[in-house]
Amino acid sequence: MTSRLRSFGFFILLFCAFGVSAAQAHNLNVFAISTGDTIEGYVYFTGGTRARAAEIELHADDGAVVAAARTDQNGAFAIRVSHRMPYVVQANTGDGHIATFTLTEDEFSENLPPAKNASDITDNTPDAAVAPTMTTPSSSATAPIGLKALTRDELTSLINHAVARQIGPLREEVNAYRNDVRMSDIMGGIGVIIGIFGILAWVRARKQTSV
């Protein structure tokens, strides 16, 4: 019985170590949103701290890497794309923390042509490795001008930026909530198993005392 109890305790320790590792793996988060033809976002750790100089890879739906960037001092990034298709943004801090965020095809401007495969996509991000992110339309774009003076592309860009500013914070809150729930589930499961082990140890001790 003692050997079985020790084996079970060893199993519990391994499970706890695995649970902590899993929790650490989810410490990194990436948030992204399309503003038409540009993917903007930022990388942050649970708790809100931004991840600086994190590597960003943009993957096509077949897994091919079609663009790359690096976050700035605020943990922000921006990647301009040439075609519409589902994309996966992957963030990597280089120390084992990796996070992904998926964008669907219908989140991009209709002015962009659909991509048949990853080879159609070109990286149109400006030459700087870190592009400004979460930008707002310029003062000239937001000036009170008549709608008739705007082209279809300009109007679409204004609408995309306005929607991104409104929807972005909401999606960020939902993403943060999911991460918090995942962490709570992990820690709750570990607590339950440790509690069971404690009860078994207590029962074993009572039997030895009675003998």
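Here is a short walk through this predicted model, from its nonpolar core to its salt bridges.

Let's begin inside. The largest nonpolar core holds 32 residues. If you want landmarks to click on, try Ile39, Leu58, Tyr87 and Val89, which have the most contacts within this core. Strands supply much of the story here: S1 (28-34), S2 (38-45), S3 (55-59), S4 (65-70), S5 (76-80), S6 (87-92) and S7 (98-103) are the elements that each give two or more residues to the core.

Leu58 is a good place to pause. Leaving aside residues up to four places away in sequence, Leu58 touches Ile39, Ala64, Val65, Val66, Ala67, Ile79, Val81, Tyr87, Val88 and Val89. Ile39, Tyr87 and Val89 on that list are also among the core residues with the most contacts.

Now for the charged pairs. The structure holds two salt bridges. In one of them, Glu55 pairs with Arg70, and their closest N and O atoms lie 3.6 Å apart. This pair links distant parts of the chain, with Glu55 in strand S3 and Arg70 in strand S4, 15 residues apart. Glu55 has 39% relative accessibility, so it counts as partly exposed. Arg70 is partly exposed too, at 34%.

The other bridge joins Glu105 to Arg84, with the closest N and O atoms 3.4 Å apart. Here the partners sit in loops: Glu105 lies between S7 and helix H2 (139-142), while Arg84 lies between S5 and S6, 21 residues apart. Is each partner buried or exposed? Glu105 is partly exposed, at 30% relative accessibility. Arg84 counts as buried because its relative accessibility is 18%, and buried means under 20%.

Technical notes
Residues numbered from 1 in each chain as written. Predicted model: local features only at pLDDT ≥ 70, side-chain atom pairs only at ≥ 80, totals over all residues. Heavy atoms only, no water. Core = buried A, V, L, I, M, F, W, Y, C linked by side-chain atoms within 4.5 Å. Buried < 20%, exposed > 50% of the residue type's maximum accessible area, 1.4 Å probe, protein only. Helix = DSSP H or I, 4+ residues; strand = E, 2+ residues; numbered from the N terminus. Contact = heavy atoms within 4.5 Å. Salt bridge = Lys/Arg side-chain N within 4 Å of Asp/Glu carboxyl O.
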